[in-house]
Amino acid sequence: QVQLLESGGGLVQAGGSLRLACAASGRIFSTHTMGWFRQAPGKEREIVGGISWYGVKYYGDFVKGRFTISRDNVKNMLYLQMNSLKPDDTAVYYCAAPVRNLKDSPSADYWGQGTQVTVSS
């Protein structure tokens, strides 16, 4: 069993920044690929980014250099630094692990409860 707990969401103006954090506990292994997903109202869930245990990163096409994913394997923490936020980034953001098939139909076994990110124009 793995528990994932996100924090750091909130309301921010367009162009602003937020840093999301995810604390992992339970049978989480530092070798797991971890990732962030998001789901906006009326839209399908999509991958924001993923990071392997040795630090290889993948981002969704919409990120375009604005977001940075990182992890601390000692503390079992996952982070998402989001800069230059746009109203289209408004969504519930979920931490997930282990993430499989990052580039093609990504999925995960465990999910956090999600944290709301709202970007005002």
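Before anything else, a definition: a salt bridge, as I use the term today, is a side-chain nitrogen of Lys or Arg within 4 Å of a carboxyl oxygen of Asp or Glu. Please also keep in mind throughout that what we are looking at is a predicted model.

With that in hand, let me start with the charged pairs. The structure holds four salt bridges, and I will go through three pairs in turn. In one of them, Asp89 and Arg66 bring their side chains together, with 2.7 Å from N to O. Asp89 sits in the loop between strand 8, residues 77-82, and strand 9, residues 91-100, while Arg66 sits in the loop between strand 6, residues 57-59, and strand 7, residues 67-72, so this pair ties together parts that are 23 residues apart in sequence. Are these two residues buried or exposed? Asp89 is buried, at 2% relative accessible area, and Arg66 is buried as well, at 9%.

The next pair is Arg38 with Glu46, whose closest N and O atoms are 2.8 Å apart. Here the two partners fall into separate classes, for Arg38 is buried with a relative accessible area of 6%, whereas Glu46 is partly exposed at 32%. If you follow these contacts in the viewer, you will find that Arg38, Glu46, Arg66 and Asp89 are linked in a network of salt bridges.

The pair of Asp109 and Arg100 also has its closest N and O atoms 2.8 Å apart. In this pair Asp109 is partly exposed, with a relative accessible area of 42%, and Arg100 is partly exposed too, with 40%.

Let me turn now from charges to empty space. Rolling a probe the size of a water molecule over the atoms shows where empty space is left. How many cavities of 30 Å³ or more does the count give? The count comes to one, and the largest cavity holds about 30 Å³ of space. Its lining includes Ala24, Ile28, Phe29 and Ser30, and also Met34, Arg71 and Asp72. Sorted by class, that lining has five nonpolar, three polar and two charged residues. Of the lining residues I would single out Met34, which belongs to strand 4, residues 34-39, and which is buried, with 2% relative accessible area. Measuring along the chain and through space gives two separate views of Met34 and Asp104, since these residues are 70 apart in sequence and 15 Å apart from C-alpha to C-alpha.

On the surface, Trp53, Tyr54 and Val56 make a nonpolar patch of about 350 Å². Val56 is placed in the loop between strand 5, residues 46-51, and strand 6, and with 47% relative accessibility Val56 counts as partly exposed.

Finally, a few words on the backbone. Ala97 and Pro98 are joined by a cis peptide bond, with omega at about -20°, and Pro98 lies in strand 9. Which residues other than glycine have a positive phi? Ser84 is one of them, with phi at about 50°; Ser84 is found in the loop between strand 8 and strand 9 and is partly exposed, at 40% relative accessibility. Asn101 is another, with phi near 55°; Asn101 is placed in the loop between strand 9 and strand 10, residues 107-111, and is exposed, with a relative accessible area of 51%.

How values were computed:
Residues numbered from 1 in each chain as written. Predicted model: local features only at pLDDT ≥ 70, side-chain atom pairs only at ≥ 80, totals over all residues. Heavy atoms only, no water. Buried < 20%, exposed > 50% of the residue type's maximum accessible area, 1.4 Å probe, protein only. Helix = DSSP H or I, 4+ residues; strand = E, 2+ residues; numbered from the N terminus. 1 Å grid on protein atoms, 1.4 Å probe; cavity = no way out; pocket = protein on both sides within 12 Å on 5 of 7 lines; lining within 4 Å. Points joined across faces, edges and corners; volume = space filled by probe spheres on them. Nonpolar A, V, L, I, M, F, W, Y, C, P; charged D, E, K, R; others polar. Patch = residues over 30% accessible without salt bridge, like charges linked within 9 Å, V, L, I, M, F, W, Y side chains within 5 Å. Areas by Shrake-Rupley, 256 points an atom, 1.4 Å probe, with all protein chains shown as cover.
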